[in-house]
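Here is a small set of exercises to work through with the model open beside you. Try each task before you read its solution.

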Amino acid sequence: MRDALADLDGIDEAFIFGSWATPGVAAPQDVDLMVIGEPDIGQLYEAVSTVDSQVDRPINVSVRSKAEWESADGGFERTVKEPTKGCVGMSDLDDLIAKRLIEPVEIDELTGPQWIEDARRHLQAAQAVESIDPAGAYILAYDTARKSVAAVLLMTGHRVTSRPGSRQALALFAKTLAEDAHEPALAHVDRLRRNRNRSEYGSTTFASAEVKEAIQIAGAILDACSKRI
């Protein structure tokens, strides 16, 4: 959507609202797009139609001038202006894409749910081995978190690249998601990543309490991400 609107003049702001932007709500069959500004309506609908066909969902466009948006106080505008309105982490995604740490891809409605199931198996494995292999259990807990967040990212039409720093980029996306979706567990992905790296590439060992906490956090992250698939 961002790419489709990028070349249009007269757009001050554009964002997804409604169920697609609401945490914990199953993805609906259509997408609600709010455009603030005064673009050429014909060009706007032509641009949106290209995305409509790509995502195989109808896109409902609402347009308000900047003055109308700032002064409007009707029930519809108040609802749309709620904090959950925006596309999750779009400004942050722009920055990560510019750094080539995340790249746009087609939304894959088969792979996203599969990654969530993979994450669920990682979590079960972590729980099974936490007493006999604490380091292995911690790594599996991180893999649970990583795969869960990657699934959500994929469902926004993006994935991490193979460039150095891409795992950190995924953690940054998770932090943004934590703030926008009010899911605090997601803010811990980077801590899990850093601890996992110290164990994988150093001599760090984990106490039982650390492993239990990591598994608990990973489970909360899995639950939060599952709601968005």
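## Exercise 1: The length of a helix

Task: in this predicted model, what span should helix 2 (residues 41-55) have, and how far apart are its end C-alpha atoms?

Solution. Start with the count: helix 2 has 15 residues. The rise is 1.5 Å a residue, taken over one less than the number of residues, so the expected span is 21 Å. Now compare this with the model, where the end C-alpha atoms of helix 2 are 21 Å apart, in agreement with the expectation.

## Exercise 2: The two sides of helix 2

Task: find the buried residues of helix 2, and say where they fall when seen down its axis.

Solution. First, list the residues under 20% relative accessible area: in helix 2 these are L44, A47, V48 and V51. Next, look down the axis of helix 2: the buried residues fall within an arc of 95°, so they line one face of the helix. The spacing fits a general rule: an α-helix has 3.6 residues a turn, so residues three or four places apart point the same way. Then turn to the face away from the buried side, where the exposed residues E46 and S53 sit. Finally, ask what the buried residues of helix 2 pack against: helix 1 (2-5), strand 1 (11-17), strand 2 (31-37) and strand 3 (59-64).

## Exercise 3: The ends of helix 2

Task: which side chain reaches a backbone nitrogen at the start of helix 2, and which residue just after helix 2 takes a positive phi?

Solution. At the start, look at D40: one of its side-chain oxygens comes to within 3.0 Å of the backbone nitrogen of G42. Just past the other end, D56 has a positive phi of about 60°.

## Exercise 4: Strand 2 and its partners

Task: how does strand 2 run relative to strand 1 and to strand 3?

Solution. Take strand 1 first: six bridges join it to strand 2, and the two run antiparallel. One of the pairs links F17 with D32 of strand 2. On to strand 3, which is joined to strand 2 by six bridges and runs parallel to it; here I36 is paired with R64 of strand 3. As for cover, six of the seven residues of strand 2 are buried.

## Exercise 5: Confidence

Task: which element has the lowest mean pLDDT, and which the highest?

Solution. Begin with the chain, whose mean pLDDT is 82, with 84% of its residues at 70 or more. Among its elements, helix 4 (residues 75-80) is lowest at 61 and helix 6 (residues 111-129) highest at 97. Over residues 23-28 the pLDDT is below 50. Where pLDDT is low, the predicted coordinates should not be read in detail.

Conventions:
Residues numbered from 1 in each chain as written. Predicted model: local features only at pLDDT ≥ 70, side-chain atom pairs only at ≥ 80, totals over all residues. Heavy atoms only, no water. Helix = DSSP H or I, 4+ residues; strand = E, 2+ residues; numbered from the N terminus. Buried < 20%, exposed > 50% of the residue type's maximum accessible area, 1.4 Å probe, protein only. Arc of directions from axis to C-beta. Contact = heavy atoms within 4.5 Å. Polar contact = N/O pair within 3.5 Å; in protein donor to acceptor, adjacent residues only side chain to side chain. pLDDT = per-residue confidence, 0-100. Pairing = 2+ DSSP bridges.
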